[in-house]
Amino acid sequence: MARFAKGTKRGMRVLDAGAGRSPYRKLFKHAQYEAADFAQLDSANPPLDYLCDITDIPVPDGHFDRVICNQVLEHVPEPEKAIAELHRVLKPGGRIFLSAPLFFAEHQKPYDFFRYTQFALRKMFEDAGFEIARMNWLEGYFGTVAYNYQMMAKNLPASVDELRGRGLRWKLAYIAPIVLLNRKLAVRLSRLYSRLEISGGRFERGMPKNYVVVARKPATDAPPASKQPVEENATKTTAQTSGQTTGQTRAELEAEVARLRAETIRTRQSVCDPLADLPLPSEVHTVLDDVRAEHLTYLKPENLQVLARQVLDADLQDRPGLIIETGAALGGSAIVMAAAKDPKRPMKVYDVFGMIPEPSERDGEDVHNRYRKIVSGTSKGIGGETYYGYRDNLYDEVSDSFVRHGIDPAQHNVELVQGLFQDTLKIDEPVAFAHLDGDWYESTMICLERIAPHLVVGGRIVLDDYFHYSGCRDAVDEYFEDRPGFRLERRTKLHAVRVAGS
Ligand SMILES: C[S@@+](CC[C@H](N)C(=O)[O-])C[C@H]1O[C@@H](n2cnc3c(N)ncnc32)[C@H](O)[C@@H]1O
């Protein structure tokens with residue numbers, strides 16, 4: 001929640017749906033925080049801005065930039081209606097943070113109706129028209145175990161008299177010591193697991209107590225599939241075709257959605273590179289083929305060509321400034337960019353040149369799954385070779401690769417800068433072109449914050465992972481939201497171009 005609040009810009013209008021005593025009001029001091037609650041439970045306390053059910057909030061469509069809804073959904077008898085309403089009150093492009101329990105005792109009775117699996121949450125959000133940015137465990141399994149022990153301590157009989165009331169008669173002598181000892185142990189173990197949860201980090205096995213969903217209302221607000229007039233298991237008959245989709249089965253609609261998705265991907269890939277006709281020198285083609293043959297890059301040839309043409313174009317247009325790559329791994333894309341540039345133009349290549357840094361809470365499950373695979377030691381490198389993060393001296397390997405492909409960094413004005421972007425990336429000069437390939441949320445955000453303000457007009461940033469990793473996409477969306485002076489172009493990769501007049 002604190003991170004969601006941090007990502008909420010000054011002055012944004014935030015709704016706390018089911019605010020109770022508004023415990024998060026202070027996190028949103030910089031924004032226009034408003035609280036809504038139906039005030040039927042003992043946890044609800046004024047001041048409330050809206051005394052209402054969250055399935056019917058008295059504001060116009062698109063009123064809020066952000067919505068938070070924490071531990072409320074289990075108390076709503078019609079959760080789908082609530083989510084649809086929260087979608088309605090959000091602006092297109094707006095975001096919601098919602099947490100809901102999977103494993104928690106009945107509480108605030110009788111207003112306690114549901115528990116939620118991740119699949120139920122996903123379905124409800126997607127049916128309402130949201131795009132899920134991430135879905136996480138709110139706490140790890142140590143937290144769930146601590147809670148179990150807490151329940152055990154609270155609910156097991158506390159004395160021999162209490163046990164006697166259960167009619168155990170002669171068995172009492174055996175059972176009482178076990179139960180009473182168990183209860184005492186439960187108190188201690190609950191504290192121990194709570195501490196482990198805090199100090200030992202999240203342990204994702206078994207089940208969480210709560211899930212967190214961060215989702216966005218798409219900027220262009222197409223009606224969700226579920227709001228189309230679909231008839232489950234219906235067959236198409238002429239009598240039913242009053243609307244365009246009336247009578248279509250869900251399977252047919254899903255097939256149609258899959259077809260449109262594939263078509264969108266093809267269209268994006270076919271959107272021609274404005275520099276597609278710019279011929280690359282044959283040496284650049286040679287370097288490109290060689291680094292691919294040597295398995296030095298994850299990028300496809302067409303994407304390497306885009307990078308090379310952009311670098312060449314900066315020279316041809318006399319666009320001043322640095323060439324930058326953040327995230328080099330084995331150096332392949334950086335070598336191609338360096339081969340395409342005028343040797344006099346400075347270029348900086350940033351990387352830890354080692355194991356990729358850990359992703360953060362801001363990254364989604366896709367990223368965390370990928371990272372878990374990497375740290376498990378079972379990642380395969382390109383072409384089945386040793387994964388770059390497991391190599392002993394990647395910095396030297398990359399320097400040698402530059403030289404081997406005819407680009408001695410010292411003679412070509414290329415600097416390889418080793419370390420975390422957070423520590424090393426300090427730009428105080430114009431930038432002509434940057435290739436951002438750091439995969440995760442924080443790596444992308446830090447690079448945008450430090451590079452984009454220095455981009456010259458006509459200069460361009462290519463964001464390698466926007467269509468691939470959730471964290472990168474979120475960082476880019478957040479950074480460019482309401483930020484004038486840039487045009488985003490959805491090509492095979494996402495491009496951000498600095499435009500004139502900003
Ligand atoms: C996908 S790889 C780069 C691929 C490369 N451009 C190519 O041609 O194959 C991502 C790289 O970003 C680096 N990286 C990610 N986050 C970083 C950070 N915060 N600081 C430094 N390096 C980072 C990783 O260590 C990794 O080498």
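**Ligand shell, sheets and cores**

Two helices, α10 (332–340) and α13 (421–424), each contribute at least two residues to the shell around the ligand. The model is predicted. In it, 19 residues surround the ligand, and Thr297, Gly327, Ser333, Gly438 and Ser443 are the closest of these. Sorted by class, the shell comprises 9 nonpolar, 7 polar and 3 charged residues.

Ser443, one of the closest residues to the ligand, is also among the buried residues of α14. Helix α14 spans residues 441–451, and 8 of its 11 residues are buried, so the rest of the structure largely encloses this helix. The buried positions are Tyr441, Glu442, Ser443, Thr444, Met445, Cys447, Leu448 and Ile451. Their packing partners are the strands β8 (322–326), β11 (431–436) and β12 (455–463), together with the helices α13 and α15 (470–480). Helix α13 thus appears both in the packing of α14 and in the ligand shell.

The strands β8, β11 and β12 belong to an open sheet of 7 strands with mixed pairing, ordered β10-β9-β8-β11-β12-β14-β13. The edges are occupied by β10 (414–418) and β13 (486–490); each has a single partner strand, so one side of each has no neighbour in the sheet. On average, neighbouring strands of this sheet are turned by 15° against each other, with direction ignored. Within the sheet, the pairing of β8 with β11 is parallel and extends over 5 bridges. Glu325 has His435, in β11, as its bridge partner. Helix α10 packs on the sheet, where it touches β8, β9 (347–351), β10 and β11, and its direction makes about 170° with that of β8. Besides this packing, α10 supplies residues of the ligand shell.

A further open sheet of 7 strands is present, with the order β3-β2-β1-β4-β5-β7-β6 and again mixed pairing. Here β3 (50–51) and β6 (131–137) stand at the edges; since each has a single partner strand, one side of each is left without a neighbour in the sheet. Strand β2 (residues 32–37) pairs with β3 in the parallel sense over 2 bridges. Ala36 has Tyr50, in β3, as its bridge partner.

In soluble globular proteins, nonpolar side chains tend to be buried together. The largest nonpolar core in the model contains 64 residues, and Ala308, Ile335, Val336 and Met337 have the most contacts inside it. With residues up to four places away in sequence left out, Ile335 touches Val287, Val291, Leu296, Ser401, Phe402, His405 and Ile407. Another core, of 41 residues, lies apart from the largest one and includes Ile54, Ile96, Phe125 and Tyr211.

Leu181, located in helix α6 (residues 172–200), is not part of such a buried environment: 10 other C-beta atoms lie within 10 Å, so Leu181 is classed as exposed. The C-alpha atom of Leu181 is separated by 9.8 Å from that of Ala158, and the two residues are 23 residues apart along the chain.

Over the whole chain, 15 helices and 14 strands are assigned. Of the 502 residues in the chain, 36% are buried. Among contacts between residues at least 6 apart in sequence, 71% join residues at least 24 apart.

Notes:
Residues numbered from 1 in each chain as written. Predicted model: local features only at pLDDT ≥ 70, side-chain atom pairs only at ≥ 80, totals over all residues. Near = placed C-beta within 6 Å. Helix = DSSP H or I, 4+ residues; strand = E, 2+ residues; numbered from the N terminus. Nonpolar A, V, L, I, M, F, W, Y, C, P; charged D, E, K, R; others polar. Buried ≥ 20, exposed ≤ 12 C-beta atoms within 10 Å, placed from the backbone. Contact = placed C-beta atoms within 7 Å. Core = buried A, V, L, I, M, F, W, Y, C linked by C-beta atoms within 7 Å. Pairing = 2+ DSSP bridges. Axes fitted to C-alpha atoms, helices over the stretch in contact; angles between N-to-C directions.
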